[in-house]
Amino acid sequence: MFGGEPALAPIGAAAVIGGGALAAASTHPRAMLSYGHIAQTGVLVMALGVGAPLILAGVAAVAVTGLFANVLAGLVVGRATRPGAADSAAPSVWAAAPATTAMAGVAAAAAIGAPGVATFASGALLQDAFARQAADWTLVVFVLGAAGMAAAAGVRAPIVAFFGASRVRGQAPSYAFVLACAIAAFILLAVGAAPEWLFALVPPSPIMFAPYDWDHLAERLQLATGALAVLAIVTVLGRRQSRVGVAAHTGPMRDVDWIYRRLGPRLLAALAAAASAVFAAWVVAGAGVAAAGGGVGGPAAERDGRPG
């Protein structure tokens with residue numbers, strides 16, 4: 001894709017609106033994250049369609065910080081909603097795994113773009129670039145997409161995953177899991193405290209931008225207000241759905257991972273069993289043919305006086 005291609009702007013806007021709507025309608029935490037990431041990708045594609053230099057710099061910054069934020073969110077929410085043995089006596093995830101819950105707090109702050117996290121600095125840069133150099137309708141879609149992403153990935157998904165009614169009995173998180181979460185959280189917090197590190201690497205460098213001034217803080221506060229409004233609307237709609245029998249989905253989700261984690265091993269096991277049965281039948285048939293041939297040829301050879 002090339003920056004400044006006009007066709008990218010409406011394509012990205014469609015991804016923002018579609019992903020945001022699906023994230024709002026989802027009831028599984030991992031689905032909320034997945035559709036929220038689609039909306040975030042749509043924002044970046046739309047920004048590439050605008051193609052202004054400062055917007056492209058904001059795209060690069062958001063792509064870098066969003067990578068660590070998405071990895072951290074996927075790890076903690078995936079850990080909290082992993083398949084396991086249901087146990088009504090088991091404690092909630094937040095009580096059973098306080099370290100994972102703390103990492104989820106950092107992931108939620110990153111999804112919202114809270115001050116002190118790397119995504120605040122990159123989001124403020126991209127939003128400022130949109131306000132200066134983009135068309136009015138793209139700025140509106142950008143704000144709506146960012147608010148939807150914050151509501152889905154920053155508020156709803158962690159609440160449902162860590163404070164939901166479901167209980168899953170499982171093992172404590174591994175050292176590798178905790179280390180991966182800690183590295184991602186450290187990078188998000190370190191870059192959030194000193195965003196100059198990020199701006200020094202993003203072309204065209206150096207970028208002279210101060211994310212922690214009052215104007216940008218006010219803009220992010222407005223964005224957070226919009227996210228809370230979206231959350232309130234989704235909560236009201238969710239309660240109406242529960243009244244008519246539409247329950248929240250907190251069990252296993254049929255996502256892409258299910259193909260190679262569940263369906264793939266089952267298909268391989270079925271193919272292996274079929275191949276083993278065919279091979280066993282072939283061996284038995286071969287042994288039967290050999291036995292039949294020996295039974296006929298042996299006595300006849302003896303009657304003729306010839307060696308069998």
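## The protein at a glance

Of the 308 residues in this protein, 38% count as buried. Keep in mind that this is a predicted model. The accessible surface comes to about 16600 Å², and carbon and sulfur atoms account for 70% of that.

The fold has 11 helices and 2 strands. Walk along the sequence and you get the pattern α-α-α-β-α-α-α-α-β-α-α-α-α. Take the contacts between residues at least 6 apart in sequence: 82% of them join residues at least 24 apart.

## Helix 1 against helix 2

Let's start at the N-terminal end. Two packed helices are described by the angle between their axes and the distance between those axes. Helix 1 covers residues 8-25 and helix 2 covers residues 29-50; their axes come within 7 Å and cross at roughly 165 degrees. That angle makes helix 1 roughly antiparallel to helix 2, because anything over 145 degrees counts that way. The crossing of helix 1 past helix 2 is left-handed.

Who makes the contact? On the helix 1 side you'll find Leu 8, Ala 9, Gly 12, Ala 13, Ala 15, Val 16, Gly 19, Gly 20, Leu 22 and Ala 23. Helix 2 answers with Met 32, Tyr 35, Gly 36, Ile 38, Ala 39, Gly 42, Val 43, Val 45, Met 46, Leu 48 and Gly 49. By class, the residues of this contact split into 15 nonpolar, 6 polar and no charged.

## Helix 2 against helix 3

Helix 2 also packs against helix 3. Here the axes come within 10 Å and cross at roughly 175 degrees, so helix 2 and helix 3 are roughly antiparallel to each other.

Helix 2 brings Pro 29, Arg 30, Leu 33, His 37, Gln 40, Leu 44, Ala 47, Leu 48 and Val 50 to this contact. From helix 3 come Ile 55, Leu 56, Val 59, Val 62, Ala 63, Gly 66, Asn 70, Ala 73, Gly 74, Val 77 and Gly 78. The tally by class is 13 nonpolar, 6 polar and 1 charged. Leu 48 is one of the helix 2 residues that touch helix 3, and Leu 48 is also listed in the contact with helix 1.

## Residues to look at around helices 2 and 3

Is Gln 40, in helix 2, buried or exposed? Gln 40 is buried, because its relative accessible area of 18% falls under the 20% cut-off. Setting aside neighbours within four places in sequence, Gln 40 is in contact with Val 62, Gly 66, Asn 70 and Met 149. Of those partners, Val 62, Gly 66 and Asn 70 are among the helix 3 residues of the helix 2 contact.

Val 59 sits in helix 3, which runs over residues 53-80. With a relative accessible area of 10%, Val 59 is buried. Leaving out residues up to four places away in sequence, Val 59 touches Leu 44, Ala 47, Leu 48 and Leu 126. Val 59 and Met 46 are 13 residues apart in sequence, and their C-alpha atoms are 9.8 Å apart in space.

Between the two helices, Gly 51 is found in the loop that joins helix 2 and helix 3. Gly 51 is partly exposed, at a relative accessible area of 21%. Ala 9 is 42 residues away from Gly 51 in sequence, yet the C-alpha to C-alpha distance is 9.5 Å. Ala 9 belongs to the helix 1 side of the contact with helix 2.

## Helix 5 against helix 8

Further along the chain, helix 5 (residues 98-112) and helix 8 (residues 175-193) pack at an angle of about 35 degrees, with their axes 10 Å apart. This is another left-handed crossing.

Helix 5 puts in Thr 100, Met 103, Val 106 and Ala 110. Across from them are Phe 177, Cys 181, Ala 182, Ala 185, Leu 188 and Leu 189 of helix 8. The class count is 9 nonpolar, 1 polar and no charged.

## A spot in helix 7

Which helix holds Ala 147? Ala 147 is in helix 7, residues 136-163. At 6% relative accessibility, Ala 147 counts as buried. Gln 222 is 75 residues away along the chain, with 9.3 Å separating the C-alpha atoms of Ala 147 and Gln 222.

Key
Residues are numbered from 1 along each chain as its sequence is written. This is a predicted model: local features need pLDDT of at least 70, side-chain atom pairs count only at pLDDT 80 or more; totals for chains, interfaces and linings use all residues. Side-chain values use heavy atoms; hydrogens and water are left out. Axes are lines fitted to C-alpha atoms, for helices over the stretch in contact, and angles run from 0 to 180 degrees between N-to-C directions. Helices (H or I, at least four residues) and strands (E, at least two) are DSSP runs, numbered from the N terminus. Angles under 35 degrees count as roughly parallel, over 145 as roughly antiparallel, 65 to 115 as roughly perpendicular and the rest as oblique. A crossing is left-handed if the near helix is turned anticlockwise from the far one by less than a right angle, and right-handed if clockwise. Contact means heavy atoms within 4.5 Å. Ala, Val, Leu, Ile, Met, Phe, Trp, Tyr, Cys and Pro count as nonpolar, Asp, Glu, Lys and Arg as charged, and the others, Gly among them, as polar. Buried means under 20% relative accessible area, exposed over 50%, partly exposed in between (1.4 Å probe, protein chains only). Accessible areas come from the Shrake-Rupley method with a 1.4 Å probe; for residues, only the protein chains shown count as cover.
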